[in-house]
Amino acid sequence: MKPATASKPAETNDRRSDKNQIDRPQSLGKPQMKWGSDVVAEVTRRLDLKYIALVPGASYRGFHDSIVNYLGNQNPQMVICLHEEHAVSIADGYGKVTERPMAVALHSNVGLMHATMPIFNAWCDRTPMIIFGATGPVDAHRRRPWIDWIHTSKDQASMIRNYIKWDDQPASPQAAVESVLRANQIARSAPLGPVYVCLDVGLQESPLTEEISIPDPARFAPAPSPAVPRTSLHKALKAIDKAKFPLILMGRVSRRQEDWDRRVRFAEMIGAAVLTSSNDPSAFPTMHPLHLAAPCLRPSKAATALIEKADLIISLDWLDLGGVFRLALGTAQTQEPADKMILHCSVDSYRTNGWSMDHQAMPAVDIPIHAESDQFVAQMLDEMDDKKTPKVKTRPETKNIAHWNDALNGKSSPAHGKIMTLWDMAMTVREFAKKRPVTFARLPLGWPGEACEFDSPLSFMGNDGGGAVGTGPGHTIGTALALKDSGRLTVGVIGDGDYLMGVNALWTASHFKIPVMIVCADNRSYFNDEMHQERVAQMRSRPAENRWIGQRIDDPRVDLVAMARAQGFDSEAPVSTPEALAQALKKGAAVVARGGRYFIDSVIEPGYADSGPDQRAGDGKKK
Ligand SMILES: Cc1ncc(C[n+]2csc(CCOP(=O)(O)OP(=O)(O)O)c2C)c(N)n1
Ligand SMILES: [Mg+2]
């Protein structure tokens, strides 16, 4: 936005009230492509990247000028952030919803250093993202004294190369065209992920000496996902026919409604039980009669029983298949693989490297499928349609198992009249979300799977793939940006530690008038780690009552509401009972429906819903 002047306040306010009129440049005339950075901006526009999240910096002042004064700050539009960590987290939240990259611009080495953690997180999330960085001038002769020298690093991408799919530092405007087109192609090829293009100041700030032609990006588009060989489809069909109790582990799948519908049809046609992960975005209707145990990350008792019973496991890119078998079946990792027929569908090995262990333990697999899960499901349905397989197959074994929701037996009502536990809070939120289309951008540690009533691929966007505290606010705002015209209510439920680490992401939501609600599970503690300290103390026969030291965030108590209000959010006093939380949620929904932003400080007893350590605290041993 142009700074307000005393003579024209009304005009400034009017401009600000139209969300498409935020931060509009003036007096552009008819901009011509004249500088190196204009070429990069032009290719970015043709790739239809709507936003570029950034914290400014002189290393990319040429590119910055090109976005404002050459592109008119539209397609992409700058999304200004108060920390590089938020810029990347917002792009991650946006990319998870849309499965399309958002652009990010990071200042030289120092901005990139601030951004490393959420870039790792985006890598683990398999989120597409095009990150522009800057350095130089690489030509030392052109460097300004001091500042240009400290902000020039050789091989800057080496800071993040282990957790991005590709990087480049083009040396000419012509090379930059190819570089950005390739960045787009790689980021959008499965498995999706972040890429980095570092722009030399010399390249950005040099005038063009010849006309640069920019080809049609459609001819540099990513190829469709690889198809499943027919022999593998036939093997899968045979295994399904033979199985008495097939179980589908629905892991990383697409956000598309038609893929969701196909997954439901597939499970129904083969009569398989279904499990989903509480860490990944929603993959299957959790209230469906075949979704037999509540979503979980570490297998719960009910999930373990299903895994034990299954004679065929169909893993749709389940995040940690080997780990799940180890936990549920007590098997030793590779040496003693699960004694079941296992089909595993994933393209993950296309991007696995030797630095990051996020590929997880290696499971033994009888029918490996090197394709994306939804491609596999679509081809399986085609095969079954061709064979005229009956539409719905009910297996007696599946029919006789109680649904997780029935098994709650009234436990879903929160206790009234006293300070909430996380369970009470979760049940109150579940009740609230039943009445409207809600997208949970995030859910906090220890959140019970029993509160996860999901009926759409956009019900839940999954948690931080990299276990990265501080990304919750940014993810929530990026999700809300992607969904702002969808009619869905975006809610980020996050821990107080996560909130406080990423809190100044909230300002960006206010500046861009992004409708969103943030609800903080405020236990005044890094509680997850209290559980770890308790466990260590117990293992060492030391006093577990000291577990809170170095973990509690309550002396002084941080005014979470004030921190939200200071950045333009509406909020009221903290709530600590289910009744007050229900009221606050209703009020917040009304504020957000009017295009506003609402924050709720939901005070809870320290503790998790199962009164045990969260998934991250586990030692992997079978209990
Ligand atoms: C960047 C980062 N720092 C530290 C940790 C270790 N850690 C894991 S969970 C956690 C506590 C998070 O606190 P909060 O969001 O309040 O959730 P709670 O544990 O209270 O449920 C911490 C510090 C981490 N995962 N990431
Ligand atoms: Mg906490």
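This section describes salt bridges, a helix pair and a nonpolar surface patch in a predicted model.

The count of salt bridges in the model comes to 31. Three pairs that link distant parts of the chain are described here. In one of them, the side chains of Asp 358 and Arg 126 meet with an N to O distance of 2.8 Å. The two partners are 232 residues apart: Asp 358 lies in the loop between strand E10 (341-345) and strand E11 (367-369), whereas Arg 126 lies in the loop between helix H5 (108-125) and strand E4 (129-135). Asp 358 has a relative accessible area of 11% and is therefore buried, the limit being 20%. Arg 126, at 9% relative accessibility, likewise counts as buried. Both residues also belong to a network of salt bridges, in which Arg 126, Arg 252, Asp 317, Asp 348, Arg 351 and Asp 358 are linked.

A further salt bridge joins the side chains of Asp 464 and Arg 442, at 3.3 Å from N to O. Here the separation along the chain is 22 residues, with Arg 442 in strand E12 and Asp 464 in the loop between E12 and H16. The relative accessibility of Asp 464 is 6%, so this residue counts as buried; Arg 442 is also classed as buried, at 4%.

Asp 48 and Arg 100 form a salt bridge whose closest N and O atoms are 3.6 Å apart. This pair spans 52 residues, from the loop between helix H2 (36-46) and strand E1 (51-54), where Asp 48 is found, to the loop between helix H4 (84-98) and strand E3 (102-105), which holds Arg 100. Asp 48 is partly exposed, at 37% relative accessibility, and Arg 100 is partly exposed as well, with a relative accessible area of 32%.

Two packed helices are described by the angle between their axes and the distance between the axes. For helix H11 (residues 301-309) and helix H12 (residues 321-329), the axes come within 9 Å and cross at roughly 100°. H11 and H12 are therefore roughly perpendicular to each other. The contact involves Thr 304, Ile 307 and Glu 308 on the H11 side, which meet Val 324, Phe 325, Ala 328 and Leu 329 of H12.

At the surface, Val 469, Met 501 and Tyr 526 make a nonpolar patch of about 250 Å². One of these residues, Val 469, is located in the loop between strand E12 (438-442) and helix H16 (472-482). The relative accessibility of Val 469 is 32%, which places this residue in the partly exposed class.

Notes. Residues numbered from 1 in each chain as written. Chains lettered and ligands numbered in written order. Predicted model: local features only at pLDDT ≥ 70, side-chain atom pairs only at ≥ 80, totals over all residues. Heavy atoms only, no water. Patch = residues over 30% accessible without salt bridge, like charges linked within 9 Å, V, L, I, M, F, W, Y side chains within 5 Å. Areas by Shrake-Rupley, 256 points an atom, 1.4 Å probe, with all protein chains shown as cover. Salt bridge = Lys/Arg side-chain N within 4 Å of Asp/Glu carboxyl O. Helix = DSSP H or I, 4+ residues; strand = E, 2+ residues; numbered from the N terminus. Buried < 20%, exposed > 50% of the residue type's maximum accessible area, 1.4 Å probe, protein only. Axes fitted to C-alpha atoms, helices over the stretch in contact; angles between N-to-C directions. Parallel < 35°, antiparallel > 145°, perpendicular 65-115°, else oblique. Contact = heavy atoms within 4.5 Å.
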